[in-house]
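Morning, everyone. Let's talk about enclosed space in this protein, and then about confidence.

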Amino acid sequence: MHSSKTASTPSIVGERAPYFWLGCAAITGGILLHLPMLAHAHLREGNRLVGMPMDPWMYLGMALILIGVPLSCWGALPKQRTQHGDGAVTNYEAPDAAPLTRWHAGVLFVLTLGLVIDVMKPATLGFVLPGMTLEYGIAQSTAALLPFIALTGTTIGSFLWGWLADIYGRRVSILLSTILFASTAICGAMPSFTWNLVMCFLMGISAGGMLPVVYTLLAEVMPPRHRSWVLVLVGGTGLIGGYLAASAAAHLFEPEFGWRVLWLQGFPSALLLLALARLIPESPQFLAEQGRTDELAAMQERFGIVPRPRVVTPQDAAAAHQRHGGLTAALTIAALAWSFVNFGLLLWLPTDLQERGYSSELASGILASSALLALPTIGLAAWLYSRWSSKWTLVGTVVLTLIGLIGALLPPALLSWSPLLVAVIATLIVGTNGMIAVLLPYTAENYPLGVRGRATGLVAASSKFGGVAVQGFALVGLIPTLGGAAFALLVPMAASAGLIAWAGRETTGRSLRELEAQPR
């Protein structure tokens, strides 16, 4: 056991720390140099920047950001890449009896904040679009390019940062995405719609990286008996917190400062995440391979993580590859189906309800109930996932969503009865909330260390792809009915439930070492 003095020595980044902080300072200065023009617009132009030429300070600020981003990224990268391959497994893990400590609480807080930021950006799109459309004087069809571009960025970012997390480390990937996220806050200062599209695409790439890496890192630092419920609860809290943060910011700041401030809030959010980055550990396997012994010693003391021998089993590489191939297909199909239900069917629901003769107030009220159902659903999912079965909890949420889709196909005469319609919609909402709460935690637990980031990133990207496709449909005027969307999603949703039941395995209460060694 090492002393507390030893445990306090590791820093946020390694030997290139001066470059990292110099780059961060350049980014900060660059963003602050955009504020005078925004202040001028607030005081004299009613928060409107459209048509205003960029002043010299903004050009200087953009130059500083262009210098600061690569400099800070270079400073964050370790001098030595990890040496393991795709087949690398867990060699460091806390014993099952290890207690949760204040260091666990700290990392849970910071990583939940990271998930809030990830969810907050897509959620902000709905609040930004009305003011942006009015200021730029563009048609709604043109304005629809913004969510399409931004969601495309988050989809790419999910896989990109998961891939980088497997190469350079989990904490490095979080730092890099945070740096890019901070620099793209100037999206709120862009005087033209085209520049908004460019910056929001980059912002989407940066924000999309939090989701898969957070689940990957938490799976590797939590004691096995706490891992399951922590993963589900943190993910659910981040999901709800992101939507609440977006709506609260719009309510508090948009009436006074306009829609642009909703993008600028990414800067203080990123600074807060960087300030708390000391609480984010690196996966111990990466520390060992890079020779960062001080940080590894600190992790052993803070998180109870110790070297553990590999669990040896008679399985061969072909069996492992086959199992992971089937499971990857199952989880990817499930994520894609969920994304189309969440970003498509539920998004189109108010329009469909109004076409059925319901008032806009009633339509909005039915969907507002999702906020009331989300928290108890996630709590129940966390309990079932950790106490009963991870595999069958996931299958159950998929089946529940499938039941909701079947209900949406009932004859219009039956669905005209309000209690039945509300029951169908509630089933869809509970099923989708529960499904996304357990899908990514289950993914993170099922893959070996060498590909865990990429696998979780692939499933996370798939869970956002529906948003991209739905916006693409909207751009060409294709908005299906509730029944039509439900019918199209029946087969993939049913297929994912069957595939998970076949290719999945139980993870509750099992160590990562045991899961990596067992083919089923």
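I'll start with the second largest cavity, which holds about 50 Å³ of space. Keep in mind that this is a predicted model.

Who lines that cavity? Cys24, Ile27, Thr28, Ile179, Ala182, Phe267, Leu271 and Leu274. Three helices give two or more residues each to this lining: α2 (17–32), α8 (170–183) and α13 (266–275). By class, we have seven nonpolar residues, one polar and no charged.

Now the largest cavity. How much volume does it have? About 70 Å³. Its lining runs through Lys121, Pro122, Leu125, Ala150, Leu151 and Thr154, then Cys200, Met203, Gly204 and Trp263. Which elements supply at least two of those residues each? They are α5 (102–136), α7 (145–168) and α9 (193–207). The class count here is seven nonpolar, two polar and one charged.

So how many cavities reach 30 Å³ or more? Two.

On to confidence. Mean pLDDT for the protein is 81. Of its residues, 84% reach 70 or more. Where are the extremes among the elements? Helix α18, residues 390–408, has the highest mean, at 92. Helix α1, residues 4–7, has the lowest, at 41. Around α1, pLDDT stays under 50 over residues 1–10. For that stretch, the model has 17 contacts beyond four places in sequence.

To recap the cavities: about 70 Å³ for the largest, and about 50 Å³ for the second largest. Each lining counts seven nonpolar residues. The charged residue belongs to the lining of the largest cavity. Thanks, that's my slot.

Technical notes. Residues are numbered from 1 along each chain as its sequence is written. This is a predicted model: local features need pLDDT of at least 70, side-chain atom pairs count only at pLDDT 80 or more; totals for chains, interfaces and linings use all residues. Side-chain values use heavy atoms; hydrogens and water are left out. pLDDT is the predictor's confidence in each residue, from 0 to 100. Helices (H or I, at least four residues) and strands (E, at least two) are DSSP runs, numbered from the N terminus. Contact means heavy atoms within 4.5 Å. On a 1 Å grid over the protein atoms alone, a cavity is a set of points where a 1.4 Å probe fits but cannot get out, and a pocket is an open set with protein on both sides within 12 Å along at least five of seven lines; lining residues have an atom within 4 Å of a point. Grid points are joined across faces, edges and corners, and a volume is the space filled by probe spheres set on the points. Ala, Val, Leu, Ile, Met, Phe, Trp, Tyr, Cys and Pro count as nonpolar, Asp, Glu, Lys and Arg as charged, and the others, Gly among them, as polar.
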